[in-house]
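User: I'm new to this one and would like a close look at a single part of it, the nonpolar patch on the surface. Could you walk me through that and what surrounds it?

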Amino acid sequence: MPNLGAPELIIIAVVLIALFGWKKLPDMARSLGRSARVFKSEVDELKKDGKPAPSDASQSTVQGQAYDADAERRAADRRDTEARIADAERRAAEARAEADRLRGAGPSSPSSATGTTESDVRRDTTL
């Protein structure tokens, strides 16, 4: 194969730019670099005969209790439910107190408990 000189390389560059566009070339080069890096790591893995070596991250991980997201969610739901029950009980107690206060405000006649009297009620006499 003959040596590639400056004119040939310039022609190749112009053809690549014409085919793929100026903005796509850096992305293509980046993608090609990533692919080469992955390929190299896979080749290194095959050279080790499949014997996995512990990664740096696994060696520097602090040992401790595992985080259970479902347990956290259930605990939060339980706290929310308990708060709602407590709020409902508080409102029910306030409603009972208000009802007792209204019952004790006037005479014990049924019409006065509702706040209406016989003179307050209009009779519809039109048919």
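Analyst:
**The nonpolar patch and its surroundings**

L4, L9, I11, I12, V15, L16, L19, F20 and M28 together make a nonpolar surface patch of about 830 Å². Keep in mind that this is a predicted model. Where do most of the patch residues come from? Helix α1, residues 6-20, gives the most, with seven residues.

Take I11 as one to look at up close. I11 sits in helix α1, and with a relative accessibility of 54% I11 is classed as exposed, since the cut-off for that word is over 50%.

Now follow the chain from α1 to helix α2, which covers residues 24-47. The axes of these two helices come within 9 Å and cross at roughly 100°. So α1 is roughly perpendicular to α2. Which side chains make the contact? On the α1 side they are L16, I17 and F20, and on the α2 side K24, L25 and M28. If some of those names ring a bell, that's because L16, F20 and M28 are also listed in the patch.

Stay on α2 for a moment and you'll find charged residues too. D27 and R30 join their side chains in a salt bridge, at 2.9 Å from N to O. Both belong to helix α2 and are three residues apart, so about one helical turn separates them. D27 is partly exposed at 40% relative accessible area, and R30 is partly exposed as well, at 45%.

That pair is part of a wider picture, as the structure holds nine salt bridges. Helix α4, residues 69-103, offers another: R84 and D80 are four residues apart there, about one helical turn, and their closest N and O atoms are 3.3 Å apart. R84 is exposed at 58%, while D80 is partly exposed at 37%. R103 and D100 also lie in α4, three residues apart, and form a salt bridge with closest N and O atoms 2.9 Å apart. Besides these pairs, D87, R90, R91 and E94 are linked in a salt-bridge network.

Stepping back, what is the whole chain built from? Its secondary structure comes to five helices and zero strands. Of its 127 residues, 1% count as buried. The accessible surface is about 12100 Å², with 59% of that belonging to carbon and sulfur atoms. So when you go back to the patch, picture I11 as an exposed residue of helix α1, the helix that gives the most to the patch.

Notes: Residues are numbered from 1 along each chain as its sequence is written. This is a predicted model: local features need pLDDT of at least 70, side-chain atom pairs count only at pLDDT 80 or more; totals for chains, interfaces and linings use all residues. Side-chain values use heavy atoms; hydrogens and water are left out. Patches are made of residues with over 30% relative accessible area and no salt bridge: like charges are joined within 9 Å, nonpolar side chains (Val, Leu, Ile, Met, Phe, Trp, Tyr) within 5 Å. Accessible areas come from the Shrake-Rupley method with a 1.4 Å probe; for residues, only the protein chains shown count as cover. A salt bridge is a side-chain nitrogen of Lys or Arg within 4 Å of a carboxyl oxygen of Asp or Glu. Buried means under 20% relative accessible area, exposed over 50%, partly exposed in between (1.4 Å probe, protein chains only). Axes are lines fitted to C-alpha atoms, for helices over the stretch in contact, and angles run from 0 to 180 degrees between N-to-C directions. Angles under 35 degrees count as roughly parallel, over 145 as roughly antiparallel, 65 to 115 as roughly perpendicular and the rest as oblique. Contact means heavy atoms within 4.5 Å.
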